[in-house]
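Okay, thanks for coming, everyone. Let me put the structure up and then talk you through a few things.

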Amino acid sequence: MRLKIVLFVFLIGAANFVIGQETISINRLTEEVNFDGIPDESVKKAGSKFAFIMHAPDFGENPTEESEVFLGYDNDYFWVCANLFYSDPAKIVSTSKKRDEESENTDLFGILLDTYNDNENALAFFTTPAGQRIDYSVSNDAQMGPDYGSVTNYTWNTFWDVKTVKHDKGWSVEMRIPFSSLRFQVVNNKVQMGMILNRTIRHCYETDTYPAIDRKYGHMAAFKPSLAASIQFEKIKESKPVYISPYVITGIDKAYELNSSGTAYEKIDGEGTSNVGVDAKLSLTSNLTMDLSVNTDFAQVEADDEIVNLTRYSIFYPEKRMFFQERASIFNFKLNGSGNLFYSRRIGMDENGVPVPILGGARLTGRVGKWDMGFMDMQTRKKDDLDPENFSVLRVRKQVINSNSYVGAMLTSRIGSLNNYYSYGLDGIFKVIGDDYLQVSIAQTTDSLGNNLRFSQEPTFFRVNWEHRNIEGFSYNASYFGIGNNFDPQVGFLMQNGIRGGDVQLQYGWIPGPDSKLFNYSISLNYNQNNRVADNSIESRVIGPRFSIQTKSGWYYNISVNNNTQGVDRNFFLSKNVEIPVGEYNYYNTMMMFNTPMYKPLAIVINVSAGEFYDGKSFSGSLQPVCNLSESIQLTGYYNYDHVVFPSRNQEMNAHIGRIKLLYMYNTKLSVSSFIQYNSLNNITVTNFRLRFNPKEGNDLYLVYNETRPTSGFFDEGIAPVNFLNRLLQIKYIHTFRL
C-alpha cells in the first residue's frame, strides 16, 4: 500500500516580527593581519572594540580583571583578538592542551556566533592560555533540563585557527575563523548574526560577557543565543570550498565467539582489517552544506562508558561520530524524556551497539529562504544475519511570530528487503510572553509494511509543554503527553510506548547579592506520573521535594526525597539471578549530589542514592575524581557501586563499575589517551588506547587499540575460558584536500 503522508506547517499571526536591539557593525580591516597570537595593530586600530560586564558571580559588577577585545574581518576571515590581563599572572589557570576539552578547570576566552540569527543555535569557538582549539555547537537556546539532554555538542568540528601568547601581564589570543567555515544568510549584501563574547577567570570563579547577560536565566545563560548581541557584516566575499578527505585504515582484529550450541568459545581468525574510503564537504552556498561519504568508517570514535541499568528501559547513549554532527540540532524532534523521532545511532549500529558497515550516504543542512532544513540518506551493507537497509530523514523548520518561535516538520524512513518503516511529525515552540514558552508536537509511525492509520491513537505520539524559563523567583514546567501502543519510530529512540501521563516542576529560586558567598539556591517540588494506555493502570509515579545550593567559589550540593510508585506488568531482570516480579510497588528513596570547585587541581563529584527499592532496599554511590597534574597530564577516575537486596525473596545484587582515564598532551596537536573499564555485572574489562596526531584541521593520524577481556564469573560452568573476547589494533590516516 502506498504511504500517503500530508505534512503541513501552519503559521500563527499575519506577519512575523522581531523584538530587536541595536545592530553593531563589525569593521572591515584595511591591512593584512600578522597572525602570531598578539592582537595586531591593524585589528586594534580598525577593528570594533568591546568591553566585558560581569555575568557571575555578581551580575552587572565591573570585572575583576581587565580585558581588551577587538573584532574585525577581511575577505576571508573573521578575526577575534583579545588581551586578557591579570593583576597577578601567577593566578592564570591552564590545565589542558586537548582539542575540545570539556573542562571547568581552566581559564577560557571565546565567542559564540548565532550564524543564522535564529536565537536558538550557535557555534562556539574557545581557547585557553595553552592555545587549545575548542569548538562546539549549542542547540535549544542552551536550555538545560531533564527533558532536553545535552545542549552542547563537542564532537562538532570545523576549520579555524588560534594562537595564544602568555606574557607578564596575562595572555593574548588571536582567532582566525574562515567565513567558509560558517553558515550564514546574505540579505542585501549584509550578514546579520548573534554574538556573545565570553571570558572565564577560574581563580575567582568569574564569568564576564558581552553583552550583559543576567544569570537569572540559569547555568547556561552566558551561552544562550536568544540573549546575544546583534552584529552585522557587509559585502562578505562568498566562498564555496570543497573539502575532500580520503582515509586509509589497516589493522588486526581477533575475537572469540560462543558457538551455536553454546558449549565453547571459538576463535575467529583475524585476517587483518584494511579499508579505504572518502568523505567530502561541499559548500553549495554560504548557507547550504552537503556532506558525502563513501565506505564510511568510525574507527577513531571513543567507546561508550559502561553503565549499570537499574530500570526497565533502554539506556540512551550520545552520538560521537563526526559525520552526524554538522548542524545536528536541526534533526532534533523531541519525544518524551530522552526520546527523539530521529536517533542517528540507529544508522550503522545494531541493537547491541556493534558497528554495521555503512556503504555511504549524503547529508544536506542549511537554510533555504526562511526555512532551516536538513536531509540525510545513508545505506548500510549486509552483515551476518542483518540485511542491507536504507535510512533517510528530512527536517524543515521556520521562524514564526517572533524571533524565539518556530514550527517544523520531520519525515524518516527505514527501508529493508522485508520491512518499510516511516515516521512523520509536526512540532512547534512558541515564546508566548516574557520567559514563558509553549511547545507542541505530534507524530505518527507506520507498521512494518509502511501502512499508516492517520486517525488512530495507536501509532500516535503527542506532547504539550508549558515552561517558565527562569531560576530566580517562581518558575514552573508542566507537560502532558500520550504514546500509543503501536508508536514505534524505527529511526528514533523511545524508552517505552503505550503510556500517557504528565509531569510538573514548581520551583522558587534565590540569587543573593554581591555580599553573599552563595551564588544561588532553590527549592522545588517535582511530580511525574505515567499510566498505561491499555487499562489506565499505573506505570510509574514519582513525587518529592528537591533543594540545591551553589557557592560563588564553586561548591555545589543538591538533595531530593522521592516517593516512588512502580507498576510492573511483566517480570524483568536486574542481573542473572535478581528478578523483579509483576506487582505494584510503593517506596521512598533519597538522592544527593555534591561536587567541589571544578577549577581546583583536584576536584571530586559524588552521587549517592539510598532507600527502599521495589520490595527491597538499594544503595548506589559514585565517586569521580579529576586530577590535573599539569597542562600536559590529566588523570580522571570513576567508581560506581550498586547494592540491591530483596530479603523476602533471598535475592541480592552487587555491581561495581571502575574506570581510570589517563590523558597525556605533548602539545595541542599530539595527545595520547588511555582508559580501562571494569564492569562486574557483565564480568568484563574494556581497555582502550588512542594516539592522535592532528597537525592541522582535517589531517589526522590515529593509532587505536581496543581489548575486551572476561573476568571471573564470565564463563558458565563447563565452558573452557579464553584470555580475551576481542582485540583490535588499527592505524588510520585522514588527509583533507581543499579544492
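I'll start with the whole chain, then go to the cavities, and finish on one hairpin.

So, first thing to keep in mind: this is a predicted model. In terms of secondary structure, we've got 1 helix and 43 strands. The radius of gyration is 26 Å and the globule rule gives 27 Å for 739 residues, so the chain is as compact as a globular protein of that length. If you want the box, the C-alpha trace spans about 75 × 60 × 60 Å along its principal axes.

How much of the chain is buried? Buried residues come to 53% of the 739. And if you take contacts with a separation of 6 or more, 59% of them are between residues 24 or more positions apart.

Right, cavities. There are 8 of 30 Å³ or more, and the one I'd like to show you is the second largest, with about 310 Å³ of space. It's lined by 20 residues, and the closest to its centre are Asn140, Asn332, Arg397, Asp427 and Gln439. Which elements give two or more residues to that lining? Those are strands S22 (389-399), S23 (406-416), S24 (420-433) and S25 (436-445). By type, the lining splits into 6 nonpolar, 8 polar and 6 charged residues.

Last stop, the hairpin. Strands S32 (residues 572-575) and S33 (residues 578-580) run antiparallel, joined by 3 bridges. Between the two strands of this hairpin sit 2 residues. As for a specific pairing, Phe573 has Glu579 in S33 as its bridge partner.

That's my tour; over to you.

Technical notes
Residues are numbered from 1 along each chain as its sequence is written. This is a predicted model: local features need pLDDT of at least 70, side-chain atom pairs count only at pLDDT 80 or more; totals for chains, interfaces and linings use all residues. Side-chain values use heavy atoms; hydrogens and water are left out. Two strands pair if DSSP finds at least two bridges between them. Helices (H or I, at least four residues) and strands (E, at least two) are DSSP runs, numbered from the N terminus. On a 1 Å grid over the protein atoms alone, a cavity is a set of points where a 1.4 Å probe fits but cannot get out, and a pocket is an open set with protein on both sides within 12 Å along at least five of seven lines; lining residues have an atom within 4 Å of a point. Grid points are joined across faces, edges and corners, and a volume is the space filled by probe spheres set on the points. Ala, Val, Leu, Ile, Met, Phe, Trp, Tyr, Cys and Pro count as nonpolar, Asp, Glu, Lys and Arg as charged, and the others, Gly among them, as polar. The radius of gyration is taken over C-alpha atoms; the globule rule is 2.2 Å times the number of residues to the power 0.38. Buried means under 20% relative accessible area, exposed over 50%, partly exposed in between (1.4 Å probe, protein chains only). Contact means heavy atoms within 4.5 Å.
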